[in-house]
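Hi,

Here is the structure I promised to pass on. Have a look at it first, and then read my notes below.

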Amino acid sequence: MNRLFSAVRTDVTVQLRNNLYTIGIIAGILVAVAISQVAGPDQLQSIVPALMLMVAGGSTLLYVAGMIIFEKDEGTLNAIIVSPLRTSEYLLSKVITLTALATLESFVMIGGTMLIMSFQDSVSFPNIPLLLIGIIAIGVIYTLIGIILIVRFDRITDFLIPMSVVAVLLQLPFLYFLGWIVHPLFLIIPTSAPAMLMLGAYVQLTSWQWTYATVYTGIQIAVLSVWASRAFKTHIILKVN
C-alpha cells in the first residue's frame with residue numbers, strides 16, 4: 001500500500017509539474033463556453049456522453065502516452081522496473097491519477113456548461129453518482145488502452161498516427177449518442193458502454209441498456225487490465241532484462 005501511495009504521489013507531482021491539471025481545467029472551461037453557446041439544457045443528455053468520448057478520452061490518451069514516454073527518455077522507467085514497486089502498482093497508479101485528472105476535466109466541462117446555461121434557462125441536474133461512475137469508467141478504459149498502445153513505442157511521434165486511428169475509433173460512438181446515426185454496431189465499440197452509463201444519468205435506461213452498460217463496462221476493464229499488464233511486461237520489462 002505504501003509503494004502504491006508513493007507511486008501515486010510521484011505521478012501527481014509529475015502531472016502538476018507538467019501543468020496537466022492547468023491544461024485540463026483550461027480546456028474544460030473553453031469547451032464549456034463553446035458548448036453553452038451552441039446547445040441548450042435539453043440537449044445535455046446527448047452532448048455529455050459525446051463530450052466525454054471526444055474531449056476527455058482523447059486528452060487521457062495523450063497524457064498517459066506523454067508520461068510513459070517521458071519516463072522512458074529520462075531513464076526513470078528502468079529504475080522503476082528494478083525497484084520494489086510491482087507492475088500492478090505502477091499501472092494502478094497511472095490509472096488512478098489519470099482517471100482523476102480526466103474526472104476533474106470532465107466536471108469542469110459539464111459543470112461549467114451547466115453554470116453558463118443556468119444564466120439563460122433552467123437546467124436539470126443529472127444523477128451525479130451515476131455520471132461519476134460513467135466518467136471514471138471511461139477514464140479507466142482510455143488509460144488502459146493508452147498503456148497498451150504506448151509501451152510499443154519509444155517516441156511520441158511514432159505513437160501519434162496509431163493513437164489517432166484508435167482515438168477516432170473509440171470516439172465514433174458520439175454519432176450514436178448525439179442521435180445522428182443510431183446503429184447497434186456502435187455499441188460494440190468499448191467506449192459506448194460507459195457512455196451509456198452517462199446517458200443513464202440524464203434519462204431512464206431500459207433493462208437491456210442497464211445490462212449492456214454495466215456488464216460490458218466491467219468485462220472491458222477486467223480484460224484491458226490483464227492486457228495492459230501483459231503488454232507492459234512484454235514490451236518494457238522483458239526488453240530491459
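Leaving aside neighbours within four places in sequence, which residues is Leu61 in contact with? Taking contact to mean heavy atoms within 4.5 Å, they are Tyr142, Ile145, Gly146, Phe159, Met163 and Ala167.

Before more of that, the ground rules. This is a predicted model, where local features need pLDDT of at least 70 and side-chain atom pairs count only at pLDDT 80 or more, while totals for chains, interfaces and linings use all residues. Residues are numbered from 1 along each chain as its sequence is written, and side-chain values use heavy atoms, with hydrogens and water left out.

Now the overall picture. The protein has 10 helices and zero strands, counting DSSP runs numbered from the N terminus (H or I, at least four residues, for helices; E, at least two, for strands). Reading along the sequence gives α-α-α-α-α-α-α-α-α-α. The radius of gyration, taken over C-alpha atoms, is set against a globule rule of 2.2 Å times the number of residues to the power 0.38. For 241 residues, a compact globule would come out near 18 Å, and the protein agrees because its own value is 18 Å. Along the principal axes, the C-alpha atoms fill a box of roughly 60 × 35 × 35 Å.

On burial, 51% of the 241 residues count as buried, where buried is under 20% relative accessible area, exposed is over 50% and partly exposed is in between (1.4 Å probe, protein chains only). The accessible surface comes to about 11,700 Å², and 68% of that belongs to carbon and sulfur atoms. Those areas come from the Shrake-Rupley method with a 1.4 Å probe, and for residues only the protein chains shown count as cover. Among contacts between residues at least 6 apart in sequence, 77% join residues at least 24 apart.

Charges next: the mean positions of the 11 positive and 10 negative charges are 14 Å apart. Lys and Arg count as positive, Asp and Glu as negative, and His and the chain ends are not counted. Each charge is placed at NZ of Lys, CZ of Arg, CG of Asp or CD of Glu.

Back to Leu61, which is found in helix H3. Leu61 counts as buried because its relative accessible area is 0%. Its C-alpha atom and that of Ala167 are separated by 7.9 Å, although the two residues are 106 apart along the chain.

That leads to helix H7 (residues 156-171), which has a kink of about 30° centred on Pro162. The bend at a residue is the angle between axes fitted to the seven residues ending there and the seven starting there. Phe159, Met163, Ala167, Leu170 and Gln171 are buried in H7. What do the buried residues of H7 pack against? Their partners are helix H3 (44-74), helix H6 (128-150) and helix H8 (174-177).

A few other spots to click on:

- Asn19 sits in the loop between helix H1 (2-17) and helix H2 (20-38). Its phi is near 65°, a positive value in a residue other than glycine. Asn19 counts as partly exposed because its relative accessibility is 44%.
- Val33 lies in helix H2 and is partly exposed, at 40% relative accessibility. The C-alpha atoms of Val33 and Thr113 are 6.4 Å apart, with their places 80 residues apart along the chain.
- Val14, in helix H1, is buried at 18% relative accessibility. Its C-alpha atom is 25 Å from that of Lys239, 225 residues apart along the chain.
- Ala222 lies in helix H10 (residues 207-240) and is partly exposed, with a relative accessible area of 45%. The C-alpha atoms of Ala222 and Val38 are separated by 38 Å.

Cheers
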